[in-house]
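User: Could you walk me through this model, taking the domains and then the ligand?

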Amino acid sequence: MKSLLSVPLSELESRLALLGQPRFRAKQIQKWLFTPGVTQFEQMTNLPKPLREALSQEFTLRTMHVAAILGTETDPAEKFLLELEDGNRIEAVILHNEQGQHSLCASTQIGCAMRCAFCASGLDGVVRNLTSGEILEQFLFAADVLASRGQRLSHAVIMGMGEPTANLDALLDALSTVTSENGLGIGARKITISTVGIPAGIQRLAELDHPYHLAISLHAPNDELRTRIMPSNCGTGVSAILRAADNYFEKTGRRVTYEYILLSGINDAPENAKELAGRLRGRNALVNLIPYNPVDELPFRTPSREKVQQFAQILESYGIQIALRHRKGEKINAACGQLRRSRKDS
Ligand code: SAH
């Protein structure tokens, strides 16, 4: 059966005409599609019953189902392993903050081709890109879960499995529905796209009429170190990434976030902090410090609290704005790709 989410409005209109329905039905149905908590045609109460039945013979409203859950609504993060129609599995995380806001961490690919040394998502490479429908459905899934609790999805980060700039057409297509007033109505300013740092992708994001917030996974202040832990840096380089980010800032006026995972003994030395400060000085930038979230198969370690504080203080002493991200997902294998790997054989 075809997912109604991937049927364009024009096609729905002609299908409804064949069923002898008035034109306005298509708009009515579209409205229901993006009403959180509506997952069955039965619930579309302003449609005639025979039409609801006809539609449910032909279309589905959801294609994914939950294969595993880690965490609960009282944890800062709840992680869902979602099984797609072809049996592949992806991760989607709902994050809850202290202000009572709820955010989705969405995936864009099954696996990842970037092979960052510290990340579980890329350990087995990439299987395929998600379709725009599959990306959109993660938003609907989160909105449904929250609606069942009387809560609302208000923010999103594209920081799940995959490299967003490697599947940008599908992502931007899905986000245009997410941000549309006729869709989920979540403003572009409330959505952050995180990239490993692909200048051409950053350039495209800079040119959007309604730009999303941009986060760049920097993780090292120089090419020697960065290429060692992020092979995608080879052939790109920190300077080109910073230039693309500066251009993004000039075009959009929006502050760029640099993510920096702290890996004990690898990139957490005071010299690394000083070098990072030197490279970012003069920029309107935020450095998001993320203590490494351990992955079973990987040899990296999380620095001590003191080491993290010291790194943060050095950056601050150079006037760099920082945020120290709590390890929200620690209890629930929230590092990208971990849950999927742990459930591979089950
Ligand atoms: N491919 C994109 C988005 C996905 S990863 C990117 O590279 O930005 C989202 C963030 O989580 C990235 O900054 C990534 O480097 C980081 N990350 C991956 N594995 C991690 C781990 N084990 N602990 C902490 N952060 C991790």
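User: Which domains is the protein chain divided into?
Analyst: Happy to help. This is a predicted model, where local features need pLDDT of at least 70, side-chain atom pairs count only at pLDDT 80 or more, and totals for chains, interfaces and linings use all residues. Residues are numbered from 1 along each chain as its sequence is written, and side-chain values use heavy atoms, leaving out hydrogens and water. With bounds from an automatic or database domain assignment, the chain splits into domain 1 (2-60) and domain 2 (65-342).

User: What area is buried between domain 1 and domain 2?
Analyst: The domain centres, taken over C-alpha atoms, are 35 Å apart. Contact (heavy atoms within 4.5 Å) takes in seven residues from domain 1 and ten from domain 2. Buried area is the accessible area (1.4 Å probe) that two parts lose on being put together, summed over both. Carbon and sulfur atoms give 71% of the total, which is about 710 Å².

User: Which three residues supply 71% of the area that domain 1 buries against domain 2?
Analyst: No other three residues of domain 1 supply more of this area. They are Leu-5, Phe-34 and Pro-36.

User: How much of the ligand's accessible area does the protein cover?
Analyst: Let's start with polar contacts, meaning pairs of N or O atoms within 3.5 Å. Side-chain polar atoms of Ser-194 and Ser-217 each lie 2.6 Å from an oxygen atom of the ligand. On its own, the ligand has 540 Å² of accessible area (Shrake-Rupley method, 1.4 Å probe), and the protein covers 94%.

Methods:
Polar contact = N/O pair within 3.5 Å; in protein donor to acceptor, adjacent residues only side chain to side chain.
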